[in-house]
Structures are given as structure tokens and as C-alpha cells.
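Got a few minutes to look at a protein chain together? Have the picture open and turn it around as you read.

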Amino acid sequence: MRKVNCKLIEECVYKLALKACVSITPNCKNALENALKNETGKQCEFALETLIQNNEIAKKMNIPVCQDTGIATVFLEIGQNVFLEGKNLADAVNDGVKRAYRDGLFRNSVCDPLTRVNTGDNTPAVIHSEIVAGEKIGITFMPKGFGSENMSKIYMLKPSQGTCGIIDAIVETVKIAGSRPCPPVYLGVGIGGTFEYCAYLAKKALTREIGSRNERSEIAEIERQALKKINELKIGCQGFHGETTALGVSCEYAPTHIAGLPVAVNIQCHCVRCEKAEI
């Protein structure tokens with residue numbers, strides 16, 4: 001049994017948040033650069049160059065790569081042989097978020113859903129925890145902006161719609177969204193489970209590297225076909241009708257009920273921010 005003081009988790013979340021909000025992931029940067037190489041439209045070319053330059057400036061000046069530093073989304077993988085001590089786990093995560101958003105001068109975007117009164121410190125964070133084997137703790141921090149979150153969808157498909165229905169749902173979501181989620185987008189897709197679990201899977205899929213493929217061949221094929229069809233929409237960077245509408249599609253799946261086929265499509269804008277660490 002390994003004892004871990006929750007103060008360590010707070011410090012880790014703090015450092016991850018400070019880094020994530022000022023830089024896109026390396027694979028997102030590579031994907032944007034590849035999109036630029038393949039671009040034929042002058043407007044999209046200019047837009048992609050601007051996005052890449054924006055990332056470099058943000059990194060150099062240590063300022064937010066996007067003004068929407070989002071809702072703090074934290075994934076915890078806690079080893080079953082870990083004994084947590086000290087402050088409450090959720091308090092530790094939220095304290096790390098509070099400090100990071102204060103010290104980084106990041107925008108506080110969290111408010112009451114009815115009164116719209118801001119909480120003032122960008123908490124509470126959205127925390128997903130999972131018990132895994134071992135005695136380590138994996139922490140993933142993802143600031144999720146709402147220009148893209150607002151365009152995400154959940155579909156309760158009929159089982160008979162199958163693979164084609166899943167691909168159609170993914171493509172339809174992007175088509176309806178158009179330029180609003182600041183394309184080129186990255187798509188996390190949850191397949192199966194229940195109404196709420198497929199949405200969790202879609203969010204978790206966004207923590208994967210752009211261009212990675214699901215280990216299951218049928219799911220990987222859905223990823224490939226959906227990406228191809230999305231880019232055939234020619235929405236392009238920032239809606240300027242170019243070659244790249246999506247940088248990637250990542251799908252996660254879970255067994256579901258015999259009567260249903262839930263599918264969730266969580267859109268991420270071009271600004272993919274995600275940092276990971278292990279304690």
C-alpha cells in the first residue's frame with residue numbers, strides 16, 4: 001500500500017493547468033503544420049499560418065493560446081493500492097485549478113447555470129476518476145472551451161443503423177457546426193454504453209493523440225472513414241472552404257444494451273490543449 005498526500009495531486013494539477021492553457025499539444029501543432037502543407041486555398045493558408053504563429057507567440061510570452069481557458073476537465077487514474085491522505089481529493093483538484101487560473105491570469109469562465117453569476121475562480125472542475133491496477137496516480141488536465149463544446153451532440157441511434165449510422169452522425173455533427181467551433185476541429189467520439197457514458201467516452205477520446213487509431217480494427221475504420229467524409233465537406237480552416245476541416249477523429253467504445261446504439265460526438269476546436277503526468 002502506497003500513501004499519497006492529496007497535496008501532491010493539487011501541485012500536479014496546478015502545474016499541468018499552467019502549462020496546458022498556454023500551449024497546444026505537440027501532435028496538434030504537427031497536425032496544423034501538415035494541414036498547411038496540404039492547403040490549396042489562400043484564405044485557409046493564411047488562417048492556418050496565423051493559428052500556428054499564435055501558438056508560438058503564446059508559448060514564448062507564456063500567455064493563453066486562446067482567451068477561452070475553458071472548464072477545467074481532469075481525468076484521474078488512481079491505483080487501487082494507493083491510500084489517499086490529507087485533504088479531500090476533489091478539494092485538492094479544485095485548489096490546484098484555483099491557484100493556476102489565478103497565477104496564470106487565465107479567464108474565469110465557470111458560472112451558475114441559471115443566475116449566470118461567475119464562481120470567480122474557474123471551479124468546480126469536472127473530475128472523472130477511475131480505479132486502476134497498481135500504486136500510481138495518472139492525471140490528465142484538459143481545459144475545454146465552449147465554442148466547440150456547444151456544437152457537440154449525443155445521438156440515440158437504432159441498432160439497425162450500425163456503422164453507417166455512426167459515421168453519418170459524426171459527419172452530420174460537423175456539417176451542422178460549420179465554422180462555429182473554430183475549425184480545423186478534433187473529434188472525440190463515444191460509441192455504446194449509456195446516454196451519459198458515451199459522452200464520457202467522447203470526452204476521454206479527446207485526450208488521445210491526434211492521428212492515433214483505436215486498437216479494434218472496426219473502430220479504427222470508423223475513424224478513418226469519418227475523417228475522410230468530414231474533410232470532403234470542405235468547410236476548411238475557420239470556415240474558409242479549404243482542404244482540412246478536421247485534424248482527426250478518435251473513437252472509444254463500450255458494450256451497450258441490445259435495444260440501443262448511443263453515439264456522442266464531442267468537438268474540440270483547433271486549439272487542442274492537454275497535459276498529462278503520473279505521481
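What follows is a walk from the whole chain down to one sheet, its helices and a single residue.

Before anything else, keep in mind that you're looking at a predicted model. Let's start with the big picture. If you boxed up the C-alpha atoms along the principal axes, you'd need a box of roughly 55 × 50 × 40 Å. How does the radius of gyration of the chain agree with that of a compact globule? For 279 residues, a compact globule would come out near 19 Å, and the chain has 19 Å, so the two agree.

Now think about inside and outside. Of the 279 residues, 50% count as buried. The surface that the chain exposes adds up to about 13,500 Å², and carbon and sulfur atoms supply 54% of that. The contacts tell you something about how the chain folds back on itself: take those between residues at least 6 apart in sequence, and 81% of them join residues at least 24 apart.

Time to pick out some pieces. The chain has 8 helices and 10 strands. Four of those strands make an open sheet, in the order β4-β2-β5-β10, with mixed pairing. Which strands sit at the edges? They're β4 (126-132) and β10 (275-278), and each of them pairs on one side only. On average, neighbouring strands in this sheet are turned by 15° against each other, if you ignore direction.

Here's a bit of background: strands in a sheet pair through backbone hydrogen bonds, and they can do so parallel or antiparallel. Zoom in on β2 (residues 71-79) and β4 for an example, since you'll find them running parallel, joined by 7 bridges. One spot to look for is Thr-73, whose bridge partner in β4 is Val-126.

The sheet has helices against it, too. Helix α4 (residues 89-103) packs on the sheet and touches β2, β4 and β5 (137-144), with a direction at about 140° to that of β2. Helix α7 (residues 195-205) lies across β2, β4 and β5 as well, and it runs at about 95° to β2.

Last stop: Lys-42, which you'll find in helix α3 (residues 42-61). Is Lys-42 buried or exposed? Its relative accessibility is 64%, and the cut-off for exposed is over 50%, so Lys-42 counts as exposed. Now look for Phe-240, which is 198 residues away from Lys-42 along the chain. In space, the C-alpha atoms of Lys-42 and Phe-240 are separated by 9.1 Å.

Terms used: Residues are numbered from 1 along each chain as its sequence is written. This is a predicted model: local features need pLDDT of at least 70, side-chain atom pairs count only at pLDDT 80 or more; totals for chains, interfaces and linings use all residues. Side-chain values use heavy atoms; hydrogens and water are left out. Two strands pair if DSSP finds at least two bridges between them. Helices (H or I, at least four residues) and strands (E, at least two) are DSSP runs, numbered from the N terminus. Axes are lines fitted to C-alpha atoms, for helices over the stretch in contact, and angles run from 0 to 180 degrees between N-to-C directions. Contact means heavy atoms within 4.5 Å. The radius of gyration is taken over C-alpha atoms; the globule rule is 2.2 Å times the number of residues to the power 0.38. Buried means under 20% relative accessible area, exposed over 50%, partly exposed in between (1.4 Å probe, protein chains only). Accessible areas come from the Shrake-Rupley method with a 1.4 Å probe; for residues, only the protein chains shown count as cover.
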